[in-house]
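Reader: I should be grateful for a close examination of one helix pair in this model. Please place the pair within the whole chain, and then treat burial and the cysteines.

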Amino acid sequence: MKHFLRMLIQVCLYFYCKFLWRCLKFVMRKLTGRCELQRICYNTKPGASRTMKIETSLRDSKSKLLQTSVSVHPDAIEKTIDDIMELKKINPDINPQLGISLQACLLQIVGYRNLIADVEKLRREPYDSDNPQHEEMLLKLWKFLKPNTPLESRISKQWCEIGFQGDDPKTDFRGMGLLGLYNLQYFAERDSTAAQQVLSDSLHPKCSKFSKTEWEKKRMDKAIGYSFAIVGINITDLAYNLLVSGALKTHFYNIAPEAPTLSHFQQTFCYLMHEFHKFWIEEDPMDIMEFNRVREKFRKRIVKQLQNPDMALCPHFAASEGLINM
C-alpha cells in the first residue's frame, strides 16, 4: 500500500510540475513575445548548452511536429525548420538568425542519432578473416605500429608484441566487432607517433616520458604495463557506451559545428586512449588485475568532465586538428 501511495504521489507531482512548466512557458511568451525556441537561441551561446536545451524543448513539446523533428532525415531538416517557423508563427524575414541557429542545432541532434547507428553497425559486424578488406586493415595496423619489423606470417606470435592475446587477432575482436579494429587502425595511422609511443610505453612503462624525478615523486616503482590492442578494444567499449548513453553529446555538440561523424568518434577514441595511458601510469597499479578498477575510475573522471556543458575533450588533440571548438 505504501509503495502504491508513493507511486501515486510521484505521478501526481510529475503532472503538476509539467502543468506548471507549460503555464510558465505561456506567461514567458506573453511577456517576451518570443517562444521557448527563440528564447533559447537568442539567450544561450552556441554549442552544447544551446543544442541540448533545444533538443529537450523539441522532445518535450506537445506538438507532434516538434517531437519528430529530432529524428528527421538530414535532407529534411531545412523543410522541418520552415514548418516549425510556420507553426510558431515566426516571420523568417524578421527573425533570420533563428532559422540558422535551429538548423545548426538540428544537424547536431540528428547527426548524433545517426552516428550511434553507424557505430552500432560496425560494432555488430564480426571480423571475417575471409574478407580481404578486414585482413588488409589488420595488416595495416601492424605496419603502422611496427613499421621497421616485418610480420613473418598472418598467424604469428608476433601479434602479442602489439597487445593481442594470441597468434590470431580475430578472436580478440568478438566483443566490439569491426569497431575495435577501425579505432585501432585510425589511431595508428592518423597519429602514428603517439600510437607508437603509447605502444612502447605499454611494453616498457619505465621508459615512458616521465622523468626519473617524476617516477620517484609519484612513487611509481612497480611500472606495470598492459596489452595495447586489448586495452584499445576495451577503450572502444568505453567510448561506445559514452556515446550511446548520451554522455558524449556535450563533447560533440561543442566541437562539431554540424553533424558529428564517425571521424569525430574515432578522434575521441584517440584522445581517450592517450589519456587512459597517462592515467594508468599515474595510478601505478599493483598488477594487471587492477585494470577494471583503474578503468572504472578513469570512466568516472571522463563522465564528470562531460557534465560540464562547455566541455570539449580534445579540441587541440593531434588527431583532431580539423575540429572547431565552438
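Author: Of the 326 residues of the protein, 45% count as buried. The model is a predicted one, and the statements that follow should be read as descriptions of that prediction. The protein holds 14 helices and zero strands, so that the succession of elements from the N terminus reads α-α-α-α-α-α-α-α-α-α-α-α-α-α. When contacts between residues at least 6 apart in sequence are considered, 65% join residues at least 24 apart.

The pair selected for the close look consists of helix α5, residues 77–87, and helix α6, residues 96–124. Their axes come within 10 Å and cross at roughly 130 degrees. Angles from 65 to 115 degrees count as roughly perpendicular and those over 145 as roughly antiparallel, with the rest beyond 35 degrees counted as oblique; α5 and α6 are therefore oblique to each other. The handedness of the crossing of α5 and α6 is right-handed. On the α5 side, the contact is made by Ile 77, Thr 80, Ile 81, Ile 84 and Met 85. On the α6 side, the contributing residues are Leu 98, Gly 99, Leu 102, Gln 103, Leu 106, Leu 107 and Val 110. By residue class, the contact of α5 with α6 comprises nine nonpolar residues, three polar residues and no charged ones.

Burial may next be followed in two other helices. Helix α2, residues 36–43, is mostly covered, since six of its eight residues are buried. The buried residues of α2 are Glu 36, Leu 37, Gln 38, Arg 39, Ile 40 and Cys 41. Helix α3 spans residues 48–59 and contains Ser 49. Because buried means under 20% relative accessible area, Ser 49, with 18% relative accessibility, counts as buried. Leaving aside residues up to four places away in sequence, Ser 49 touches Thr 44, Pro 309 and Asp 310.

The cysteines remain to be considered. A disulfide is a covalent bond between the sulfur atoms of two cysteines. With a disulfide taken as a pair of cysteine sulfur atoms within 2.5 Å, the count comes to zero disulfides. Cys 41 of α2 is buried. Cys 270 has 0% relative accessibility and therefore counts as buried, whereas Cys 160, at 33% relative accessibility, counts as partly exposed.

Terms used: Residues are numbered from 1 along each chain as its sequence is written. This is a predicted model: local features need pLDDT of at least 70, side-chain atom pairs count only at pLDDT 80 or more; totals for chains, interfaces and linings use all residues. Side-chain values use heavy atoms; hydrogens and water are left out. Axes are lines fitted to C-alpha atoms, for helices over the stretch in contact, and angles run from 0 to 180 degrees between N-to-C directions. Helices (H or I, at least four residues) and strands (E, at least two) are DSSP runs, numbered from the N terminus. A crossing is left-handed if the near helix is turned anticlockwise from the far one by less than a right angle, and right-handed if clockwise. Contact means heavy atoms within 4.5 Å. Ala, Val, Leu, Ile, Met, Phe, Trp, Tyr, Cys and Pro count as nonpolar, Asp, Glu, Lys and Arg as charged, and the others, Gly among them, as polar. Buried means under 20% relative accessible area, exposed over 50%, partly exposed in between (1.4 Å probe, protein chains only).
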